[in-house]
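Trainee: I'd like to learn how to read side-chain contacts off a model. Could we go through one together?

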Amino acid sequence: MSSSSQVTESWISSFCGLLGHEYFAEVSEDFIEDDFNLTGLQSQVPMYKEALEMILDVEPEDDEDEEEEEEEDEDDDEILGDEKPSGYRRANDRRHLRIASDLSVIESSAELLYGLIHQRYITSRPGIQQMAEKYELQHFGTCPRVYCNSCKVLPVGLNDSPGHDTVKLFCPSCLDVYTPPNSRFQTVDGAFFGTTFGSLFFMTFSDLDIGGSRNSSTGAADALLAIQAAQQEVKNRRDATPAHITSINGVAPHNLAPGLGPGNIYEPRIYGFRVSERARSGPRMKWLRMRPADITELDETRRYWEEREEDGDRPDDDDLNMVDVQEGKADRRKKIVGRRRRANASGNGGGSPMDTNGVGGVG
Amino acid sequence: MDDFNSETDSDYTSYWRDWFISSRGNEYFCEIDEEYLTDRFNLTGLNTEVQYYQHALDLVTDVFDFDCDDDMREAIEKSARHLYGLVHARYIVTTRGLAKMLEKFKKSDFGKCPRVLCEAQPLLPMGQSDVANTSPVKLYCARCEDLYNPKSSRHAIIDGAYFGTSFHNILFQVYPAMLPPKSQRRYEPRVFGFRVHAAASLARWQADEREKMKERLRVARIETGFEDEDEEDEDDLGEEDEEMELADAFESAVVQH
């Protein structure tokens, strides 16, 4: 279909070109044609087969190609049943109406189906790559929060099943979700992006510098300056974090909610004087934008064991923390420590005796 | 900004302030009373801030009758807008000004908080500095106590000093009933249903900080202002327990087999 320029653009690209559909990636036909990727969608989408055909442009448009139109007519005959082919052929208007009403049902089914496939596609390797390109081009906009410095955001859903909520924007800088600024996105279902994509994206592209820059569209020299300034700023603000730490809880320290923490929390003032926490109208929500100056405070595993120095179940020093100084060991460690810790916690708390038996070796 | 001039040229004889308030992009401003503007005390110090101060003031108060060329007129027009903004910052912290801005706030004239969990809380305009030409206007959400950029670019160019750093805080001191209940709900990043560890550990740390603050307030016998505080605490705990139990049950199941 895509080979000839005369042919109207594919259903997918015309769908993605619609107003309000700017966040969508174009799902590759290969992905859709693989039945495995569509597992379970049949029960969620009415007129599934027709919708799928529409997405893949198997059914051609009305007045395009004579040959294919005939094929389509045959299909329609089956549906229409008792109507005679010849008469119905001449009564072109009537046929048009019939098709139009059917089409609108199929069309909405196709949109639903495409959305659900899209939710899966953007967590696949090619899909997330495609979204990364859109992210880089700032197709999803920036965080409206002042202290996030126009950090680029991602579309996410708050629910994985359709019909609950519209699409929202996830900001990695403040780890919060926002309503898209333009009301045209309020017709887009959040489930078409899903709850997983936003976080999975930043776990996949952990090298991305999500800090957000004040002027993103300037030349290379400016960008360099901005980066240097940002790094300096980060250093100044977070000098409590030891410099040799490259990863905490699986995230580089400079990428863990860079829009939060000291200097990025609004401090209400009246005529220059801070409003007291004890005032009725005083600040109560600073915690939402807090972040420890020393990020290793978030290494809960280490802190847990530091509080219990003498304990038989204490793991090896090597397994002890979630902080990476060099790379590549985090995953294995997490599992071991996590499991032991939980077993121990429930053992102490008098939970099910099964746990302690299972892991064994609790003193 | 072009339509400013074309419009004023045609009907500048009508009330300047009416026109200014109703023109596109100036939705955040309220109308300053004539009496306030004509009281020189209220304008103390502004004569050094504004070029062509006297002409600009005449224009704002509709007594402008100075013959001049277009360039000059434009300059005065610009000064008049600047002057209006600076007086506006002072006016909106007066009793009458606060009342006017409160009405606009109730109508959500300044927009609604983009944060999903703030549930469309109306915003208030504010400046990050009281000095003119320092930074553009921002919007303050009283529910999450954070600042946001205006959606529209025509609002994003308004000087923040025209609203000032104090106004929005004063408004809630004067009208504490307008304070929205604070929410402890938050977004939890998840992957395939599992909470993301880095974000979750930060959230736990933040929740600790919040509990510390609530304890401080409790000791001082001050209401925290959180909605359904106790209920939600219990809910949270209940959820955690449930999850723990599920995980434990799963683990023991695995072990048994």
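Mentor: Happy to. Keep in mind that this is a predicted model. Let's start with charged pairs.

Trainee: How many salt bridges does the structure hold over all chains?

Mentor: The general idea is to look for a Lys or Arg side-chain nitrogen within 4 Å of an Asp or Glu carboxyl oxygen. Over all chains, that gives 30 salt bridges here. Take B:Asp146 and A:Arg289, whose closest N and O atoms are 2.6 Å apart. B:Asp146 belongs to strand 3 of chain B, while A:Arg289 sits in the loop between strand 6 and helix 10 of chain A, so this pair joins two chains.

Trainee: Is B:Asp146 buried or exposed? And what about A:Arg289, buried or exposed?

Mentor: The cut-off for buried is under 20% relative accessible area. B:Asp146 comes out at 0%, so buried. A:Arg289 has 2% relative accessibility, so it's buried too.

Trainee: Which side chain meets B:Arg204 in a salt bridge?

Mentor: That's A:Glu300, with an N to O distance of 2.7 Å. Since B:Arg204 is in helix 9 of chain B and A:Glu300 in helix 10 of chain A, this pair joins two chains. For the surroundings, B:Arg204 is partly exposed at 38% relative accessible area, whereas A:Glu300 is buried at 17%.

Trainee: Where in chain B do B:Glu27 and B:Arg154 lie?

Mentor: First the contact: their side chains meet in a salt bridge at 3.8 Å, N to O. The two residues are 127 apart and link distant parts of the chain, with B:Glu27 in the loop between helix 2 and helix 3, and B:Arg154 in helix 7. B:Glu27 counts as partly exposed at 27% relative accessibility, and B:Arg154 is partly exposed at 33%.

Trainee: Which residues do salt bridges with shared partners join into one network?

Mentor: The trick is to follow each partner on to its next bridge. Doing that here, you get A:Arg145, A:Asp176, A:Arg289, B:Arg115 and B:Asp146 in one network. You've already met B:Asp146 and A:Arg289 as a salt-bridged pair.

Trainee: On to rings, then. How many aromatic pairs does a search of the whole structure find?

Mentor: It turns up 35 over all chains. To classify a pair, check the angle between the planes: under 30 degrees counts as stacked. A:Trp11 and A:Phe15 have planes at 10° and ring centres 5.0 Å apart, so they're stacked. Both are in helix 1 of chain A, 4 residues apart, about one turn of the helix. A:Trp11 and A:Phe15 are both buried.

Trainee: And in chain B, why do B:Trp16 and B:Phe20 count as stacked?

Mentor: Because their planes are at 10°, with the ring centres 5.1 Å apart. They lie in helix 2 of chain B, 4 residues apart, so about one helical turn separates them. B:Trp16 is buried at 2% relative accessible area, and B:Phe20 is buried at 3%.

Trainee: Which residues form one aromatic cluster with A:Trp11?

Mentor: Among them are A:Phe15, A:Tyr23, A:Phe24, A:Tyr114 and A:Phe140. A:Phe185, A:Phe192 and A:Phe193 are in the cluster as well.

Trainee: Last one: which ring does the charged end of B:Arg210 sit over?

Mentor: The idea is to look for a charge above a ring face. The charged end of B:Arg210 sits over A:Trp287, 4.6 Å from the ring centre. Within chain A, A:Lys152 lies over the face of A:Tyr135, at 5.4 Å from the ring centre.

Technical notes:
Residues numbered from 1 in each chain as written. Chains lettered and ligands numbered in written order. Predicted model: local features only at pLDDT ≥ 70, side-chain atom pairs only at ≥ 80, totals over all residues. Heavy atoms only, no water. Buried < 20%, exposed > 50% of the residue type's maximum accessible area, 1.4 Å probe, protein only. Phe/Tyr/Trp six-rings, centres within 6.5 Å; stacked < 30°, edge-to-face > 60°. Lys NZ or Arg CZ within 6 Å of the ring centre and 35° of its normal.
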